[in-house]
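Me: Hi, I've got a protein model open and want to work through it with you. Can I throw some quick questions at you?

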Amino acid sequence: MKEDKKMTSKKRKSSETEEKKFHFIKETIKDKPIDKKKVLTHVGVVAAAGIIFGIAAAMAFAAIAPGLLQRSVEGQPSKVDIPQDDPEVTPTATPTPEVQMTEESAMEQYERLYQEALQISEEPRKAIVSVVGQEDAEDLLDNTLLTSGQAMGIIFVENSGSYYILTQYSAVKNVESVQVTFSNGTIVKGSVRKSDSRTNLAVVTVRKKNVDEKTKEAICVAELGNSYSLMQGKPVIAIGSPSGYNDSVYFGTITSVSNKVAVTDTEYNLLITDIPGSEKGSGFLLDTDGEVIGLIAQNYGNDSDESKTMVRALAVSQLKPLIETLSNAETIQYLGVRGQDISESVSESMQVPEGVYVESVEEDSPAMKAGLQSGDVIQELDGEEAKTMQQYSTLLQNCKEGQKIRLTLMRSKGAEGYAQMTVEAEVQSR
């Protein structure tokens, strides 16, 4: 027991000796006081660096933002909206000028009228272009691309990325490339936005980045006017190549506005003038305000009468919905019906129901598959009145591809008269 106490006492002394030996390890270490001046200086430096970086980033973004925006615009063209005209507008006659007794000869009067026509057409002519379609094949003689088609075109819309040109489908049909020549002679590559073989119309675009500044200053954008206000006797100006020669200007009057052109699933008014024209002519009709009111279309009309030698044009107001569709590369809805209106007066005189008289149905079309026949009279489309080709066409273009629609029609039963029936058709797109 005593030995244990001695051992314990010896250990305690040894421990105390060790603690004294290493007493410096137990010294309390205090934190170094904060130097506020240095901290504030450091914060200021960091903040200044942040401001400088922010300014540099802003300047860099400002420098590249326009390019990014331009690429975005070019990659996804903005939608083209063309204001529609009111078909119920009342045509107004041209005021009869006050006759003044002058010593002008007939030739002098004619020259003065022609000079006025030139003045009116001066700006719209800057919007005229020549569109040439080229095949992907070379001429063995001069190693150049073969020309497939050619027609006049007109710039009718301009946005931040492109010029939009209305021209003839025949000029760009099945071509590999499109060449556009502006009014000052500059030649630029174009591309077909969309075309419509029914009406022989197409919209071609030219990227503005490919057009030099001098050319941009030399050209202009034409205004699409209102053809619903036209009537017989209205003076008009033909520009483009109505006689087959480029950069031509003619003036005359409208002799007929009542003619209609039936194309698949719609119809258009055909304007007849007293201006001499060529079978291969193309171009545009202007009113006295210099606005485009007709697209020269010599392939339409009755070739058996005398009007075949005169300039004929599709009225622009009815074409505006189609032009907008082509500009936005949207689909054209299709059933395959060619028809004409049966008005109330015609219905009474011919004992045929009012509506759209089906003249023909295209082979293998949705209309044929639905059972429509020549002689049927369409009156409703999905419960909506469709007694004119314009009503029918508008309702059809509001449908979607693959949509199934009900056509209410009257079908002849011979001596028994007409009986109402309904057929279902599936809308296709072109």
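Me: Which residue with a positive phi follows α6?
Reply: That's alanine 329, with a phi near 55 degrees. Keep in mind that this is a predicted model.

Me: OK, and α6 itself: what are its residue numbers, and how many of its residues are buried?
Reply: Helix α6 covers residues 316-327, and 11 of the 12 are buried, so the helix is largely enclosed by the rest of the structure. Among the buried ones are Val316, Leu319, Leu322, Ile323 and Leu326. The list of buried residues also includes Lys320 and Glu324.

Me: Charged ones in there, huh. What does glutamate 324 form a salt bridge with?
Reply: Its partner is lysine 79, and the closest N and O atoms of the two are 3.6 Å apart. This pair links distant parts of the chain, since glutamate 324 is in helix α6 while lysine 79 is in the loop between α2 (36-75) and α3 (106-125), 245 residues apart.

Me: Are those two buried or exposed, or something in between?
Reply: They fall in separate classes. Glutamate 324 has a relative accessible area of 18%, and because buried means under 20%, it counts as buried. Lysine 79 is at 47%, so it counts as partly exposed.

Me: And lysine 320, which side chain does it meet in a salt bridge?
Reply: Lysine 320 pairs with aspartate 85, at 2.8 Å from N to O. This is another link between distant parts of the chain: aspartate 85 sits in the loop between α2 and α3, lysine 320 in helix α6, and they're 235 residues apart. Both aspartate 85 and lysine 320 are buried.

Me: Why would side chains like that pair up at all?
Reply: Opposite charges can pair when the charged atoms of the side chains come close.

Me: Makes sense. How many salt bridges does the count come to?
Reply: The count is 13. One of them joins the side chains of lysine 208 and glutamate 158, at 2.7 Å from N to O. Lysine 208 is in the loop between β6 (201-207) and α5 (213-218), glutamate 158 is in strand β2 (residues 145-158), and 50 residues separate them along the chain. Lysine 208 is buried at 14% relative accessibility, whereas glutamate 158 is partly exposed at 42%. There's also a network in which salt bridges that share partners join Lys79, Asp81 and Glu324.

Me: New topic: which residues form the negative surface patch?
Reply: Glu344, Glu348, Glu354, Glu380, Glu384 and Glu385 form it. Helix α7 (344-350) and strand β17 (384-385) each supply at least two residues of that patch. Take glutamate 348: it is found in helix α7, and its relative accessibility is 54%, so it counts as exposed.

Me: What about disulfides, how many are there?
Reply: The count comes to 0. You can still look at the cysteines: cysteine 220 counts as buried at 17% relative accessibility, and cysteine 399 is buried too, at 7%.

Me: Last one. Where does glutamine 373 lie?
Reply: Glutamine 373 is in the loop between α8 (366-370) and β16 (377-381). It counts as partly exposed, at 41% relative accessibility. The C-alpha atoms of glutamine 373 and serine 360 are separated by 7.2 Å, and the two residues are 13 residues apart along the chain.

Methods. Residues numbered from 1 in each chain as written. Predicted model: local features only at pLDDT ≥ 70, side-chain atom pairs only at ≥ 80, totals over all residues. Heavy atoms only, no water. Patch = residues over 30% accessible without salt bridge, like charges linked within 9 Å, V, L, I, M, F, W, Y side chains within 5 Å. Areas by Shrake-Rupley, 256 points an atom, 1.4 Å probe, with all protein chains shown as cover. Salt bridge = Lys/Arg side-chain N within 4 Å of Asp/Glu carboxyl O. Lys, Arg positive; Asp, Glu negative; His and termini not counted. Charge placed at Lys NZ, Arg CZ, Asp CG, Glu CD. Helix = DSSP H or I, 4+ residues; strand = E, 2+ residues; numbered from the N terminus. Buried < 20%, exposed > 50% of the residue type's maximum accessible area, 1.4 Å probe, protein only. Disulfide = S-S within 2.5 Å.
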